[in-house]
Each structure stands twice: as C-alpha cells, then as structure tokens.
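Biologist: Please take one close look at the side-chain pairs of this model, and tell me where their partners lie and how buried or exposed they are. I am in my first year, so a short clause with the cut-offs of each term would help.

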Amino acid sequence: MNQKYLENERQSYYLFLAIWIVYSVLNMTKNCYSGAMAAIVSEGILTKSQTGAIGAMFYVVYTICQLAGGFFVEKYSASKLVLIGILGAVLANFVIYFNQNYIVMMVTWCLNGAIQSATYPGLFKILSTQLYPAHRHNAVFYFSLTAPAGYFASYLCAALVGQWQSNFLISAILLLLMALYWFLTYRTSEEKMVVHDMEKMSREDRDKNKNEGTFKLILLSGLPLIWIVILVQTFFNQGIKSVTSVMLMESYSQISASFATGLNTVMVAVGAIGIFFARKFLLSRVKNESLAMTILLLLIIPVLAVLMFVGKWPLAIVVVALSFLSLFVTAAYMINGYIVGRFAPYGCVGRVSAIVNGAAALGICISNYIFPKMAEGLGWFMTTKIWFFIGVCALFLSAVSIPLWKKMIPSK
C-alpha cells in the first residue's frame, strides 16, 4: 500500500494553512443558527425549541453519517470529499438566505449535515498523513484552534450584521471562495507529493498494524469511555455557548439581545486561550491525554457550581465564570486531536477521527435540542443544576479511563 506525502516544507505550510482556514470557515458556517439564536428568538421568527431543533437535527444527520465519512476518506480521495462538503454547504446557505420557512430550513440544514460528514475526517487524514512529517504534531495543535476561530467568527458576524439572515449570505460567499482556494491549493500540493511505500515501514509498525484489530484496539484503549467524556465536553463547549446569549438576556433584564450576543463573542474569544493553556501547562507535562482531560474537568466543576446562581449573582461574576468555562472546555477540545493522533500508526485515523468527531457532533445535537427544552420547561436554575451533575459524571468516567489510555502511549 502506498501513501503520498509532502517532503517540501514550504508547500506543507501552504497546505496546512488551507486546511486551517477552510475548516475555520466551515465551523463558522455550521454555527449560523447558534450565533443568531438570540436575534431569531427576540424577533419571534422561531421559538428557542424550533431553533434548537434545527441545530440538533443538523448534528443528528452529521453524527449518523460520520462513520460512513470516516470509511470513505480511507477508501476514496479525502480531498475530493472535502471539496464536495464545502460545495454542499454553499448551496445550503444560499437556500436558507432566500427562504426562511421552518420546514425548508430544517430539511436544508439536515442535508448540509449529511454532505459535510466527511470534511473533518478528510482534513484530519490529510493533516496527519500528507503533511511534511515533522509538521504533523504541531499541526494537530494548531488545527484545534479552528473550532474557537469558527465560533468566534459566527458570533461576531451575528453581532455585527443588521439582519440575521445575512449570516447565511456571508457564509455562502465565504464557502464559495473556500472551495476555489481548497481546489487550487490541494492540486498544487498533490503535484509535489512523493510516494511512500508502506511495505517498507519498520517491522514493529507492520506487526502493530497486522496484529491489532481496530475494534479490539478501540475497546482496550478505553476510547468508549473517552467517547462519552468527549460527548459531555461538547455539551459545555458548544451547547452552553449556544444558549448563553438567551440565558443572559432572560436572567438579567438590562441585557439586550445584541449585547448578550456580544458577551458571548467575548467568551468564545477567551476560550481560544484555553488551547494554549492546555499545551503550555498540561500536554507539555502530562503525556496521558486522559489524565489531562480529567484535570480540566476538575477545574470545570466549580465553574458549573457558580452558574447555578445565574440571575441571582451579579452579571459580572456569571460572565467571568462563563469565560473560565469557555477556556477550560476549549482546552479539553484541543486534546481530542491528540487522542485521534495516537491511532495514526495503526492505519485507522480516518475511522477514529470520525468516531471522536461523531461524539462531539452528537453532543452538540443533544445540547442544541435538550438545553433549550430544559430551559423552557424547567427554567435556568434547574438547567444549570443538571449541567453540574453531568459534569461530575464526566469527571468520574474520565478518571476511570486513565489507566486504559496509558496503553496507547509509547514507552521511551
């Protein structure tokens, strides 16, 4: 089996830059509803449940199709599947800009989720196998910045545009440019790639690939437990962010929809610092990614305790707590890429990246639908208590997975 990759360092930088920019824009456009949610609810166009349902159904379809996407990127051209996903997103955003009927929006966004299901595993496979070898480890770190960059851009766009429908027009235009950018950059990079004969890999790596079945490897590594932790992590990373603007607007009478969205933008920006926090203070010292995740969950628990007093404690305290939550959960999100990277020597990074991203997608799906429903039916006081309980459960599962995941860390 042959594998193409770049030996040209400069072109490797160009290809990674394209990967980073393209996926940042894709993350931005996937969050159009979340970024505009306060404005949509405030204008009475959709209820919190309806807006949440659209976002949730996008991720239901996206999650279901993830495993197929992971399989396809290992069997077919990852770059072409990424291009198809971008072009499908262009069409979806144009449709919603011109037609805001609830059913049309729901169906269109679901189809968007299906066609984008191979973009993450496709880009991650290219990043982890086709970049210049010395660039790949740092590329995983910087790739994790695409999520906060995309979230920040989506909320900033929602705060600045005059009409929320314009989010979709801007997204469609940006994605069209990304399709052209990706096509040209990857074609240029592919022409400069060399072919690596996988049969010439070391005996140790051949034996590893031969003897370890993917299912057995996943089971023994503790990934099923980590999968649940990642799902919960996403509740807090994006689920809470998606309802923060509405929560602040409804809990503090002096907060307008645009101001609440602006505060959310600040918190997303603070979250980006979490990426560097995790690398500087955790992963540089803690080699076990599961242990690093557990430490971050320990830091998240007291923050969730503060949020149980939203509307009762001063706004400033709640905003600070939300900012710390954003910092810690974004740091935890960054660790996901390193978890996937541990499977690269086994030749199943496409499937595992789909499994891990599927957990994140399902977490967004559940939180986008359940959190607004809980807020409407139970109020923010009970909703934040449930968040705290979920956090404690995730902490327990993460701690249990530490010794299992240790087996994935090469001994020196």
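Modeller: What follows goes from salt bridges to ring pairs and then to the buried surroundings.

This is a predicted model, in which local features need pLDDT of at least 70 and side-chain atom pairs count only at pLDDT 80 or more, while totals for chains, interfaces and linings use all residues. Residues are numbered from 1 along each chain as its sequence is written, and side-chain values use heavy atoms, with hydrogens and water left out.

A search of the whole structure finds 3 salt bridges, each being a side-chain nitrogen of Lys or Arg within 4 Å of a carboxyl oxygen of Asp or Glu. One of them joins Glu190 to Lys4, with 2.6 Å from N to O. Because Glu190 belongs to helix α9 (residues 166-191) and Lys4 to strand β1 (residues 2-6), this pair ties together parts that are 186 residues apart in sequence; helices (H or I, at least four residues) and strands (E, at least two) are DSSP runs numbered from the N terminus. Glu190 is partly exposed, with a relative accessible area of 34%, and Lys4 is also partly exposed, at 31%, where buried means under 20% relative accessible area, exposed over 50% and partly exposed in between (1.4 Å probe, protein chains only).

Another salt bridge is formed by Arg351 and Glu74, whose closest N and O atoms are 2.8 Å apart. This pair links distant parts of the chain, since Arg351 is in helix α16 (residues 349-405) and Glu74 is in helix α3 (residues 48-75), 277 residues apart. Arg351 counts as partly exposed at 31% relative accessibility, and Glu74 is partly exposed with a relative accessible area of 28%.

A further salt bridge brings Arg342 and Glu289 together, the closest N and O atoms being 3.0 Å apart. Arg342 lies in the loop between α15 and α16, while Glu289 lies in helix α14 (residues 289-307), so the pair ties together parts that are 53 residues apart in sequence. Glu289 counts as buried, at 4% relative accessibility.

Glu289 also appears among the contacts (heavy atoms within 4.5 Å) of Ile339, which, leaving aside neighbours within four places in sequence, touches Leu223, Ile226, Ile230, Glu289, Met293 and Trp405. Ile339 sits in helix α15 (residues 315-341) and is buried, with a relative accessible area of 1%.

Aromatic rings form pairs of another kind: rings of Phe, Tyr and Trp (its six-membered ring) pair if their centres lie within 6.5 Å, and planes under 30 degrees apart count as stacked, over 60 as edge-to-face and the rest as tilted. By this rule the count comes to 18 aromatic pairs. In one of them, the rings of Tyr97 and Phe98 have centres 5.0 Å apart and planes at 75°, so this pair is edge-to-face. Tyr97 is partly exposed, with a relative accessible area of 26%, whereas Phe98 is exposed, at 65%.

The rings of Tyr120 and Phe143, with centres 5.9 Å apart and planes at 40°, make a pair that is therefore tilted. Since Tyr120 lies in helix α6 (residues 119-129) and Phe143 in helix α7 (residues 136-143), the pair ties together parts that are 23 residues apart in sequence. Tyr120 is buried, with a relative accessible area of 6%, and Phe143 likewise counts as buried, at 4%. Ring pairs link Tyr23, Tyr120, Phe124 and Phe143 into a cluster.

Tyr120 and Phe124 are among the buried residues of α6, as are Pro121, Gly122 and Lys125. In fact, 11 of the 11 residues of α6 are buried, so this helix is largely enclosed by the rest of the structure.

A ring can also meet a charge, as where the charged end of Lys312 sits over the ring of Phe381, 4.2 Å from its centre; the rule asks for NZ of Lys or CZ of Arg within 6 Å of the ring centre and within 35 degrees of the ring normal.

Finally, the largest nonpolar core has 124 residues, and Phe236 and Leu325 are among those with the most contacts inside it; such a core is a set of buried Ala, Val, Leu, Ile, Met, Phe, Trp, Tyr and Cys residues joined through side-chain atoms within 4.5 Å. Leaving aside neighbours within four places in sequence, Leu325 is in contact with Phe236, Ile240, Ile300, Val303, Leu304 and Leu307.
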